[in-house]
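Hi,

Here is the model I said I would pass on. Have a look at it, and my notes follow underneath.

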Amino acid sequence: MSAVPRMVVVKGGPDLQRSGEGSALSLRATGAWTAPFAPSLERLVADAEKLAGKKIDVSIDVSQVSKLDTFGAWLIERLRRSFTTGTAEARIDGLSANYASLVDEVRRVSVAPGGDATSVTITGMLSQIGRSVAGIFGTVAALIDMLGAVIVASGRVLIHPRGFRLTSTIHHLEQVCWRAVPIIVLITFLIGCIIAQQGIFHFRRFGADIFVVDMLGVLVLREIGVLLVAIMIAGRSGSAYTAELGSMKMREEIDALRTMGFDPIEVLILPRMLALIIALPILSFLGDIAALYGGGLVAWFYGGVDPEAFLLRLRDAISIDHFTVGLLKAPVMAAVIGIVACVEGLAVLGSAESLGRHTTSSVVKGIFFVIVMDGVFAIFFAAVGM
Amino acid sequence: MMQAMSDPIIRVRDVTVQFGKTRVLDGLDLDVKRGEILGFVGPSGAGKSVLTRTIIGLVPKLSGNIEVFGVDLDAADRAGRRAVERRWGVLFQQGALFSSLTVRQNIQFPVREYLKVSQRLLDEIMVAKLVMVGLRPDVADRFPSELSGGMIKRVALARALALDPELVFLDEPTSGLDPIGAGDFDELVRTLQRTLGLTVFMVTHDLDSLYTACDRIAVLGNGKIIAAGSMADMQASEHPWLRQYFHGKRARAVMG
């Protein structure tokens, strides 16, 4: 308990002496009745309070108190109240003028029992579950609501192109796209290497080393490239969007925009969404290339497939469809990440805790919906035969 | 009981603070005496808040020496610093209430950390502080985001007073309050000073506050204290900024 200050000043510490016979009791408070001594003061007062009810004629002498603050004044007041029952009233004697106003101040305090107690009940738990389930529909409704608002806003911008925020869009494009390139390229490169290494390691047992190129091509172009990039961006930019919008909401900046006649969707959200939608296909493309390059290097050095054979095989194994499928998914995933991030950002309430909670849920929901969308796309492309 | 008025509770000597190339405080000297309410004024951007934050130890200084309660905070060890910090309270300009805690928890937080007392006493002290700053106890379970600006100031003051400090720093306590609220606040500061024997270091722009609440006024300009003294001294001063400040249109309105 490093939080408890050292009791340096033991001398001058508080005491409460009792004297008196029969129904009379006089209490004499001495020493410093101040905050640093609050724990021992509380014990003294609690001990004395046990006599309440037995004694009728009670006086509390505070003339020997060397120092008094709110803690001491309140505890003396508490003592007085516990000895004041119906007919009998406890007296406070020897109060110096200095401290009289402080005691008057605490006399105005009426303590209601604390409202902190929250008990766990079965109905409480059930209602919690019910609320969570209803919350799912609320989430979906909010996403659709935001999608609609964004579409309406972009329609308005199409009709009045002067409302379009080019500078803001470019700024976000730099944040989301340009600055993300190194990390995206690095991660996808490494994943490409790992896929190729695993493929070669296991395919070698069947003497099918060369098929690693097929696997790498299909996997990277169709699925891993775009999925990995989308997940990275949900973590990197989705969280940033939520935190930015959330803190703007907390400081009433969004309300300020609204009162100046600007639509926050148009000013804040549209440029961010657009930047994401442009960025994700570009980053996916770069990620695809980096992953293939990494895979190719591993195939060469670890699997002995030289670059010429690798490219030849890649050209045979992969049709343009695989590449198109991957890139078609990217803008949709960007829209999903952006909408989730913006909904969460605008849902932030006044506290720092709420900001943290919504930023977390922005990333979690963003990744979840990206994977759900990927599943939907898999079904769709299988149906259309791509 | 109270120590001699000449004993300074804050001693600032030759303090220089610099941000990049701009020198904000330049060899500044200041004494705050025990038991007084010192009003601290100066043009916007002159470094009033910087000095406050330097004394509290939030802003590093380039050179100089600051003693609070006779302790040099630079030389003090961790325990020494804590012992000093326990004896002062700070009211920040925006309140700086912990947004994820309720009013009750905000006020109880410093008490809970420093003293080992029962929940019952914590609750009672919390209510006592709320009453002292003129709030009703039923705001206790609200969050800071659900309070008005004036209530935030009051709760923040209650938190600053939670441990019954000997010294409080108030950074523009009445800014953003309506005149009646601001007047109440000044009255409150005076009452608390009387009842608790507080020393108050108050940064303010409010002429009413200076007039009604402060015992002494210090004026900051060009990184130094250009004048310090009573209201009468200020009004008698020939310094151009002081003349403008204390004899301007608004000052005349206050002084009638």
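Let me start where the chains meet: helix 2 of chain A and helix 4 of chain B are roughly perpendicular to each other (an angle of 65 to 115 degrees). Their axes, lines fitted to C-alpha atoms over the stretch in contact, with angles from 0 to 180 degrees between N-to-C directions, lie 10 Å apart at about 110°. Thr70(A), Phe71(A) and Trp74(A) meet Glu124(B), Ile125(B) and Ala128(B) there, with contact meaning C-beta atoms, placed from the backbone, within 7 Å.

This is a predicted model, where local features need pLDDT of at least 70 and side-chain atom pairs 80 or more, while totals for chains, interfaces and linings use all residues. Residues are numbered from 1 along each chain as its sequence is written, and chains are lettered from A and ligands numbered from 1 in the order written.

Across the whole contact, chain B gives 28 residues and chain A gives 27. Helix 4 supplies the largest share of chain B's side, eight residues. Helices here are DSSP runs of H or I, at least four residues, and strands are E runs of at least two, numbered from the N terminus.

As for chain B itself, there are ten helices and ten strands. Its C-alpha trace spans about 55 × 45 × 40 Å along the principal axes. Of its 256 residues, 43% are buried (20 or more other C-beta atoms within 10 Å of a residue's own, all placed from the backbone).

Cheers

Technical notes
Contact = placed C-beta atoms within 7 Å. Buried ≥ 20, exposed ≤ 12 C-beta atoms within 10 Å, placed from the backbone. Parallel < 35°, antiparallel > 145°, perpendicular 65-115°, else oblique.
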